Amino acid sequence: MHTLSKRIASTFTLESGPLSTLRSSLVGVCALMVCLSAGTADANCQTFLAPYFNWAAQGASKYVGFTYVSMQGDSRASYVKHTYQNAGSLHYVSATGNLDTRFGASIGYVPVLYSDRYVSGQPFAVSLPDSSDVVVTPTGTVSFISNTWGVTGYLTNPVCLNNVMYGWGPAIGASPTPALYVFQFEKMSDPT
């Protein structure tokens, strides 16, 4: 059994009886579905992403800004909004054909804010971000590179609908379950 499936199933086996067995079975089936479908993008994602790739491929003055949020079952959430040309936006990299925040000397300029980091009682502390990068392929694979923690995670089974891309991705912290991520993209260009 996949490690994620084991961790999810073990979380819900505290009680015994028919309701507990049903709950454990449903969680196991859902975890298995997530594991089997990992990495497969919805067919609409390629069509959804094409205008952003075409836009950014026009040159260095054209790039793609993005916003993403995540939420998971233990109430932790993350937030990113990046629309800056020189640091953190998605640029077309002709060598790979991907949209990538890592270009030139701009690596790790995507600050990720978290709901469990507080300053003066306010969550999503701007002074306590993680440093990360994001890579998007034309087929809809999304990679999250945490420069703070030295790990890479992926959006699994993304779906593109109603001008957003969403799917399951890396958990925030030590949560045994993945987080749901929602992305919004926008075409940007240098001011003239």
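Let's start in the middle: the largest nonpolar core of this predicted model has 27 residues, and those with the most contacts inside it are Phe-66, Tyr-68, Val-136, Met-165, Phe-183 and Phe-185. Who else chips in? Helix H3 (43–56) and the strands E1 (62–71), E5 (110–114), E6, E7 and E11 (179–189) each bring at least two residues to this core. H3 gives the largest share, with 6 residues. Finding such side chains together fits a general pattern: in soluble globular proteins, nonpolar side chains tend to be buried together.

Now step back and look at the whole chain. You can count 3 helices and 11 strands in its secondary structure. Follow the sequence from start to end and the order reads α-α-α-β-β-β-β-β-β-β-β-β-β-β. The chain has 192 residues, and 40% of them count as buried. What about the outside? The chain exposes about 10300 Å², with carbon and sulfur atoms supplying 61% of that area. There is also plenty to trace between distant parts of the sequence: take the contacts between residues at least 6 apart, and 53% of them join residues at least 24 apart.

Back to H3, since we already met it in the core. Its buried residues are Cys-45, Phe-48, Leu-49, Tyr-52, Phe-53, Trp-55 and Ala-56. Have a look along the helix and you'll find a bend of about 35° at Ala-50, with a proline, Pro-51, following within four residues.

Two residues of H3, Leu-49 and Phe-53, also turn up on the contact list of Val-136. If you skip the neighbours within four places in sequence, Val-136 touches those two plus Leu-90, Asn-98, Leu-99, Thr-141, Val-142 and Phe-185. Val-136 is in strand E6, which spans residues 130–136.

That brings us to strand E7, made of residues 142–146. How many of its residues are buried? The count is 5 of 5, so to speak a strand that is mostly covered. Both faces are covered: Val-142, Phe-144 and Ser-146 are buried on one side, while Ser-143 and Ile-145 are buried on the other.

E7 has a partner before it and another after it in the sequence. E6 is joined to E7 by 5 bridges, and the two run antiparallel. Here Val-135 stands opposite Ser-143. The hairpin they make has 5 residues between the strands, and Gly-140 takes a positive phi near 105° there. Then comes E8, residues 151–154, which is antiparallel to E7 and joined to it by 4 bridges. In this pair, Phe-144 stands opposite Gly-153. E7 and E8 form a hairpin too, with 4 residues between them, and Gly-150 in the turn has a positive phi of about 70°.

Glycines aside, which phi values deserve a second look? Most residues other than glycine have a negative phi. Asn-157, though, has a positive phi near 50°. You'll find Asn-157 in strand E9, residues 156–161, and it counts as partly exposed because its relative accessibility is 34%. Asn-162 isn't a glycine either, yet its phi is positive, at about 55°. This asparagine lies in the loop between E9 and strand E10 (164–169). Is Asn-162 buried or exposed? With a relative accessible area of 70%, Asn-162 is exposed.

How values were computed:
Residues are numbered from 1 along each chain as its sequence is written. This is a predicted model: local features need pLDDT of at least 70, side-chain atom pairs count only at pLDDT 80 or more; totals for chains, interfaces and linings use all residues. Side-chain values use heavy atoms; hydrogens and water are left out. Buried means under 20% relative accessible area, exposed over 50%, partly exposed in between (1.4 Å probe, protein chains only). Contact means heavy atoms within 4.5 Å. Accessible areas come from the Shrake-Rupley method with a 1.4 Å probe; for residues, only the protein chains shown count as cover. Two strands pair if DSSP finds at least two bridges between them. A nonpolar core is a set of buried Ala, Val, Leu, Ile, Met, Phe, Trp, Tyr and Cys residues joined through side-chain atoms within 4.5 Å. The bend at a residue is the angle between axes fitted to the seven residues ending there and the seven starting there.
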